[in-house]
Amino acid sequence: MTLSKCKIIIILLSLLPLGYYSLKAQESISKQEIKAISTKVADWQIKELNENPNARRDTRGWIAGALYVGMFDWAELSGDAKYEYWLRKIFEEQFWQVGDRMHHADYLCVAQTYLDFYSKHKEEKMIIPTLARVDWVLKNPSTEGMEFYVKGKLFDERWTWCDALFMAPSVYSRLYAITGKEKYMKFADKEFKATYKQLYDKEEHLFYRDNRFPEKREANGAKVFWGRGNGWVIAGLAEIIKTLPEKDKKYRPYYVALFKEMSEKLATLQGENGFWHASLLDPQSFPDPETSATGFNIYGLAYGINQGYLPKEKYLPIVLKGWKALCTTVKADGKLGWVQPVGDSPRKVSSETTELYGVGAFLMSASEVYKLAK
C-alpha cells in the first residue's frame with residue numbers, strides 16, 4: 001500500500017463517529033458466551049443455596065428475593081425448565097407467602113417473582129397472598145415519618161432507605177398491570193416520591209442510603225453515595241418501567257426521566273476496569289471490584305438501551321465493558337466473587353465474598369446484555 005493510500009485511510013477513519021472503535025471491539029461478545037457463564041453461575045448458586053445462612057434463615061426475605069428476580073429472568077432466557085421448576089418448588093413450599101412484617105418493603109420483595117409466575121401461568125394461588133398483604137397496607141398505611149433513623153431508633157415501615165425502591169415499588173406496578181386497578185400504582189407513586197424528596201441529591205443525581213448520610217463525607221471529602229444502594233435504585237426503576245402497563249402515560253414519564261438522569265450520572269462513575277465501586281465518589285478508598293453494584297447498574301443501563309431510553313452509541317461500550325468485568329469475577333466452579341456483604345454503606349470487599357443478591361444482579365444483567373450480543 002502506498003503512503004498516499006495510507007493517509008486517505010487514516011483521514012477516512014478519523015471521520016467515523018466517536019466511540020466507533022470501542023463499540024465495534026466490544027460487540028464481539030456472543031450469546032453463547034453469555035449463556036455458558038450464566039449457566040455456570042446459576043447452577044453453582046442452586047447447588048450451594050442451602051449453604052447460605054441467609055437462605056436457611058428465610059427463603060422469603062429480601063436477600064433471597066433479589067436472587068429470585070434474576071433467576072426468573074434467566075429461566076425465561078435459557079429456556080431450560082429446570083430453573084423455573086427450582087423456583088416453583090421453593091414457592092410451593094412456602095405457599096406463595098410474603099414475609100412477616102406487614103409494612104416493611106424488604107418483606108415484599110419476593111412477591112415480584114410470585115407475580116411474574118402469575119402473569120405467566122395465571123394460577124390464583126400465586127397472587128392471592130400478595131394481594132391480601134398489599135390491600136391490607138393500602139387500608140392501613142403507616143403513619144411514620146420519612147426519617148429512617150432518629151435518636152437511635154429505626155423507622156422502616158415506609159420506604160425510608162433507598163434499597164426499598166428495589167424491594168417494593170415494582171410489586172405495586174405489577175399489580176397495577178395485572179389487575180388494572182390504579183390504586184396500587186397511586187400508592188406506590190406517592191411513597192416513591194416521598195423517598196425521592198428525602199434522599200435524592202439533585203446536584204449529584206444519586207440517592208443517599210438514608211437520612212444519616214447527607215452530612216457524612218468520604219476520606220476524599222466527597223459525599224457518601226453507596227454503590228449497591230444506587231444499584232438497587234436504578235434496577236428498581238427499570239423494574240417499575242418494565243412492569244407498568246404498556247399504554248400507561250400517567251406514571252411512566254416520571255420514572256423514565258429519573259431513570260435517564262441517574263443513568264447518565266452512573267455512566268460517568270464506572271471505573272477504568274469496568275466495575276463500579278462500593279463508594280461511588282471515593283473509589284480510591286474502596287478500590288476493589290464490587291459485583292452487586294456493577295451487576296445492578298449493568299442491568300439498568302442494558303435495559304435502557306434495549307428499550308430505546310438510552311442511546312446505544314454512548315452506553316453500549318459502558319455496558320459491555322462492565323459485563324466483561326463481571327465475568328472475570330466468576331470462579332471456575334461458578335461462584336461469583338467480590339460481592340459486598342449485607343450492609344448499608346460502602347465497605348471493603350474480597351474475592352471470596354458472595355451473596356444471593358449478587359447472583360441475582362448477575363443473572364438480571366445477563367438477561368439484558370444477551371439481547372445486545374451477537
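**Exercises on a predicted protein chain**

Leaving out residues up to four places away in sequence, A366 touches I34, S38, L77 and W323, where contact means heavy atoms within 4.5 Å. The exercises below start from this residue. This is a predicted model in which local features need pLDDT of at least 70 and side-chain atom pairs count only at pLDDT 80 or more, while totals for chains, interfaces and linings use all residues. Residues are numbered from 1 along each chain as its sequence is written, and side-chain values use heavy atoms, with hydrogens and water left out.

**Exercise 1. Determine in which helix A366 is placed and whether A366 is buried or exposed.**

Step 1. The position of A366 falls in helix α16, which covers residues 356–369; helices (H or I, at least four residues) and strands (E, at least two) are DSSP runs, numbered from the N terminus.

Step 2. The relative accessibility of A366 is 0%, and A366 therefore counts as buried; the word buried stands for under 20% relative accessible area, exposed for over 50%, and partly exposed for what lies in between, with a 1.4 Å probe and protein chains only.

Step 3. As a distance to check in the model, take A366 and G295, which are 71 residues apart in sequence, with their C-alpha atoms 8.7 Å apart in space.

**Exercise 2. Describe the protein chain as a whole, beginning with how many helices and strands it has.**

Step 1. The protein chain has 16 helices and four strands. Its radius of gyration is 21 Å, close to the 21 Å that the globule rule gives for 374 residues, so the chain is as compact as a globular protein of that length. The radius is taken over C-alpha atoms, and the globule rule is 2.2 Å times the number of residues to the power 0.38.

Step 2. Along the principal axes, the C-alpha trace of the protein chain spans about 80 × 50 × 45 Å.

Step 3. Of the 374 residues in the protein chain, 57% are buried, and among the contacts with a separation of 6 or more, 70% come from residues 24 or more positions apart.

Step 4. The protein chain carries 53 positive and 47 negative side chains, and the centres of the two sets lie 3 Å apart. Lys and Arg count as positive and Asp and Glu as negative, with His and the chain ends not counted, and each charge is placed at NZ of Lys, CZ of Arg, CG of Asp or CD of Glu.

**Exercise 3. Explain why helix α7 is described as largely enclosed by the rest of the structure.**

Step 1. Helix α7 runs over residues 111–121, and eight of its 11 residues are buried, so α7 is largely enclosed by the rest of the structure.

Step 2. The buried residues are A111, Q112, T113, Y114, L115, D116, F117 and Y118.

Step 3. These buried residues of α7 pack against several helices, including α5 (62–78), α6 (81–93), α8 (128–139) and α12 (227–243).

Step 4. After α7 comes K122, whose phi is positive, near 60°.

**Exercise 4. Find how many disulfides the chain has, and say how C109 is placed.**

Step 1. With a disulfide taken as a pair of cysteine sulfur atoms within 2.5 Å, the count comes to zero.

Step 2. C109 is in no disulfide, and the nearest cysteine sulfur, that of C162, is 14 Å away.

Step 3. C109 has 0% relative accessibility and so counts as buried, whereas C327, at 21%, counts as partly exposed.

**Exercise 5. State where F95 and H205 lie, and give the sign of phi for F95 and for H205.**

Step 1. F95 lies in the loop between α6 and α7, and its phi is positive, about 55°, although F95 is not a glycine. At 61% relative accessibility, F95 counts as exposed.

Step 2. H205 is in the loop between β3 (200–201) and β4 (206–207), and its phi is also positive, about 60°, although H205 is not a glycine. With a relative accessible area of 25%, H205 is partly exposed.

**Exercise 6. Locate R252 and list the residues with which R252 is in contact.**

Step 1. R252 lies in helix α13, residues 252–267, and is buried, with a relative accessible area of 14%.

Step 2. When neighbours within four places in sequence are set aside, R252 is in contact with I241, L244, P245, E246 and Y309.
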